[in-house]
Amino acid sequence: MRITKEELDKLKTEYPVGCRVVLKKMDDPQAVPVGTKGFVRGVDDIGNILMRWDNGSGLNVIYNEDKIEKVKCKKCGADIIGYPALSRVNNNDELCADCGNREALEIIGKSTKEIEEVVEKINEIKKKIVAQ
C-alpha cells in the first residue's frame, strides 16, 4: 500500500526521532516480543518507522501493518522523547526528563519555586545545545 505525502508528513510528526514507543503487534517471524520498548530512529520514504529496540533488535515497524504506542510519562502524561528518567519513588515508572528532574529535586527538599527554576534552566541549556 502506498503512502501519501500527507500521511508520511503526519507519521514523521507523530513519531519524531527519539520518541519512546512500545510494541503492541507485529506479524513477522523475527518480531520482537509484544511489550518491548524502543526508540524511533526515523521514518523512511515508504512510512516504515525505523527502530532501535531495547532488546538490541533493529526491526522496523511496517506502516499500516504493525502497531506501536507512544510511551507516556507516568506523572504528566507527556510523550517521552529520548532516554526516560526512572522514578525514584518506585524505581519502575518511566518519566519524562522534566518530571524526573522534579522528582529528584523534591527528594532533596527543594521548594517548588527552586524546582521550576532549575527545570527551566535545564530546558534553556538543552535548546542552546540543540541549536548548535
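Here is a short chat between a visitor and a guide about the predicted model shown above.

Visitor: Before we start, how do you know where you are in the chain, and which parts count?
Guide: Residues are numbered from 1 along each chain as its sequence is written. This is a predicted model, so local features need pLDDT of at least 70, side-chain atom pairs count only at pLDDT 80 or more, and totals for chains, interfaces and linings use all residues, while side-chain values use heavy atoms, with hydrogens and water left out.

Visitor: What makes up the secondary structure of the chain?
Guide: There are three helices and six strands, in the order α-β-β-β-β-β-β-α-α along the sequence. Helices (H or I, at least four residues) and strands (E, at least two) are DSSP runs, numbered from the N terminus. The C-alpha trace spans about 55 × 35 × 20 Å along its principal axes.

Visitor: Why is threonine 36 called buried?
Guide: Buried means under 20% relative accessible area, exposed means over 50%, and partly exposed is in between (1.4 Å probe, protein chains only). Threonine 36 comes in at 12%, so buried it is. By that cut-off, 32% of the 132 residues in the chain are buried.

Visitor: Which residues is threonine 36 in contact with?
Guide: Contact means heavy atoms within 4.5 Å. Leaving aside neighbours within four places in sequence, threonine 36 is in contact with Val21, Val22, Leu23, Trp53, Asp54 and Asn55. Threonine 36 itself sits in the loop between β1 (20–25) and β2 (37–43).

Visitor: What makes the 2.6 Å between threonine 36 and proline 33 a polar contact?
Guide: A polar contact is a pair of N or O atoms within 3.5 Å; within protein, one must be able to donate a hydrogen and the other to accept it, and residues adjacent in sequence count only if both atoms are side-chain atoms. The side chain of threonine 36 reaches the backbone oxygen of proline 33 at 2.6 Å. Another case is serine 57, in the loop between β3 and β4 (67–70): a polar atom of its side chain lies 3.1 Å from the backbone nitrogen of leucine 59.

Visitor: What makes a nonpolar core, and which residues of the largest one touch the most other members?
Guide: A nonpolar core is a set of buried Ala, Val, Leu, Ile, Met, Phe, Trp, Tyr and Cys residues joined through side-chain atoms within 4.5 Å. The largest has 17 residues, and Tyr15, Val21, Ile49, Trp53 and Ile68 touch the most other members. α1 (5–14), β1, β2 and β3 (49–53) each supply at least two residues of this core, with β3 giving the most, three. Apart from it lies another core of eight residues, among them Val71, Cys73, Ala85 and Leu95.

Visitor: How do you know whether glycine 100 is buried or exposed?
Guide: Its relative accessible area is 1%, so glycine 100 is buried. Glycine 100 belongs to helix α2 (residues 97–107), where Cys99, Glu103 and Leu105 are buried too. The cover over the buried residues of α2 includes β5 (85–86), β6 (94–95) and α3 (112–131). Beyond four places in sequence, glycine 100 is in contact with Ala85, Arg88 and Leu95.

Visitor: Why is glutamate 116 called partly exposed?
Guide: Its relative accessible area is 34%, so glutamate 116 lands between the two cut-offs. Glutamate 116 is in helix α3, and a polar contact of 2.8 Å joins its side chain to that of arginine 102.

Visitor: And what about asparagine 64 and asparagine 91: what is the phi of each?
Guide: Most residues other than glycine have a negative phi. Asparagine 64 has a positive phi of about 65 degrees, and asparagine 91 has a positive phi of about 55 degrees. Asparagine 64 lies in the loop between β3 and β4, and asparagine 91 in the loop between β5 and β6.

Visitor: Why do those two asparagines get the labels they have for accessibility?
Guide: Asparagine 64 has 47% relative accessibility, so it counts as partly exposed. Asparagine 91 has 59%, which is over 50%, so asparagine 91 counts as exposed.
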